[in-house]
There are 2 protein chains.
Amino acid sequence: MATRAGIAHSALRFYETEGLVHSERTAGNQRRYHRSELRRIAFIRVAQRVGLSLDEIREALATLPATRAPTEKEWARLSATWRPRLDAQIAVLEGLRDQLDSCIGCGCLSFRVCRLYNPGDIAATHGPGPRYLLGDPRQGEAVD
Amino acid sequence: MATRAGIAHSALRFYETEGLVHSERTAGNQRRYHRSELRRIAFIRVAQRVGLSLDEIREALATLPATRAPTEKEWARLSATWRPRLDAQIAVLEGLRDQLDSCIGCGCLSFRVCRLYNPGDIAATHGPGPRYLLGDPRQGEAVD
DNA sequence: GTAGGACCTCAACTTCGCTCGAGGTCAAGG
DNA sequence: CCTTGACCTCGAGCGAAGTTGAGGTCCTAC
């Protein structure tokens with residue numbers, strides 16, 4: 001029933017196995033969720049939109065008090081930490097766009113001269129794409 | 001040897017099986033790459049940074065002439081198509097940031113009132129996170 | 001001519017965030 | 001009492017973008 005948070009029941013169960021949300025059980029073994037779990041789920045979904053992994057979200061949620069429902073202030077504190085992250089992502093994309101603008105005229109895309117092809121700072125993006133792989137510390141590569 | 005494009009040999013072979021790059025073979029079955037493949041690889045990596053999937057990159061590369069090496073102009077044409085995409089991504093993140101700013105004060109994160117929690121337009125992000133799943137046409141959900 | 005390294009293939013494995021299905025249980029209405 | 005539908009568990013699978021490893025071949029230098 002709590003799937004009316006707008007997420008699939010399978011996702012909800014998955015979050016539970018991951019320790020992101022919690023539930024009690026009825027006598028008949030059915031899950032009952034505390035009202036405050038709704039807000040946790042909202043937090044999770046928004047954090048995902050901002051680009052956090054479930055691991056990071058778990059860490060963030062772990063800083064909340066275990067014995068009582070978090071206050072608005074505590075939620076605000078957590079979500080405030082997203083701001084610099086968003087700013088950084090935006091900055092990366094804008095840098096990329098500006099580089100792109102300066103490169104489109106030349107169509108260069110050469111390993112030797114084009115700064116668009118730049119393995120060095122890819123780790124900084126944390127954006128779309130294979131970030132774990134590209135983020136590998138791969139140093140001292142020749143760049144043709 | 002062509003792995004000196006700065007990518008792992010495994011990735012190169014993977015791209016070849018995916019039809020993104022091409023090679024000839026020597027008598028001893030070893031791969032030899034044409035010089036122009038370097039630029040294709042550069043294109044692929046930059047396109048990934050912009051957020052394209054390999055499928056999309058394959059489509060884009062398919063519009064290039066098959067019988068001769070592409071001109072600078074053709075490369076420029078392709079990369080110019082990234083611009084609106086980058087702009088859109090930036091716009092999404094900026095919208096998110098602005099929403100976040102207006103929400104941090106209240107710490108709301110409520111399904112009922114907070115616009116940050118907005119399943120409807122998630123499909124538009126194409127950013128990080130589970131975009132295939134979130135992109136599902138899921139309509140008419142109650143949003144408590 | 002032989003040792004070493006660089007290449008080859010192919011299948012299996014990784015991570016993340018879930019979804020799907022089979023097979024079983026629970027609760028409420030008629 | 002029985003049916004129906006909503007819940008339960010557990011394991012398997014997906015999709016993207018590769019990586020890893022075993023086992024085999026090739027080429028170059030000494």
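Student: Which element of chain B gives the most to the surface near DNA strand D?

Tutor: Keep in mind that this is a predicted model. Two elements of chain B give two or more residues to that surface: helix 3 (54–62) and helix 1 (9–17). With 3 residues, the one that gives the most is helix 1 of chain B.

Student: By class, how many charged residues does the surface near DNA strand D have?

Tutor: There are 18 residues around DNA strand D, and A:Arg31, B:Ala8, B:Ser10, B:Gly28 and B:Leu54 come nearest. Split by class, the surface has 8 nonpolar and 8 polar residues, and the charged ones number 2.

Student: Is B:Arg25 buried or exposed?

Tutor: B:Arg25 sits in strand 1 (residues 24–25) of chain B. Leaving out residues up to four places away in sequence, it touches B:Gln30 and B:Arg31. A residue counts as exposed if 12 or fewer other C-beta atoms lie within 10 Å of its own. B:Arg25 has 9 of them within 10 Å, so it is exposed.

Student: What separates the C-alpha atoms of B:Arg25 and B:Glu37?

Tutor: Along the chain, these two are 12 residues apart. In space, the separation between their C-alpha atoms is 14 Å.

Student: Which helix gives the most to the largest nonpolar core?

Tutor: That core has 20 residues, and those touching the most other members include B:Phe43, B:Ile44 and B:Val50. The elements giving two or more residues are helix 5 (82–104) of chain A, plus helix 2 (36–50) and helix 4 (72–80) of chain B. With 8 residues, the top giver is helix 2 of chain B.

How values were computed. Residues numbered from 1 in each chain as written. Chains lettered and ligands numbered in written order. Predicted model: local features only at pLDDT ≥ 70, side-chain atom pairs only at ≥ 80, totals over all residues. Near = placed C-beta within 6 Å. Helix = DSSP H or I, 4+ residues; strand = E, 2+ residues; numbered from the N terminus. Nonpolar A, V, L, I, M, F, W, Y, C, P; charged D, E, K, R; others polar. Contact = placed C-beta atoms within 7 Å. Core = buried A, V, L, I, M, F, W, Y, C linked by C-beta atoms within 7 Å.
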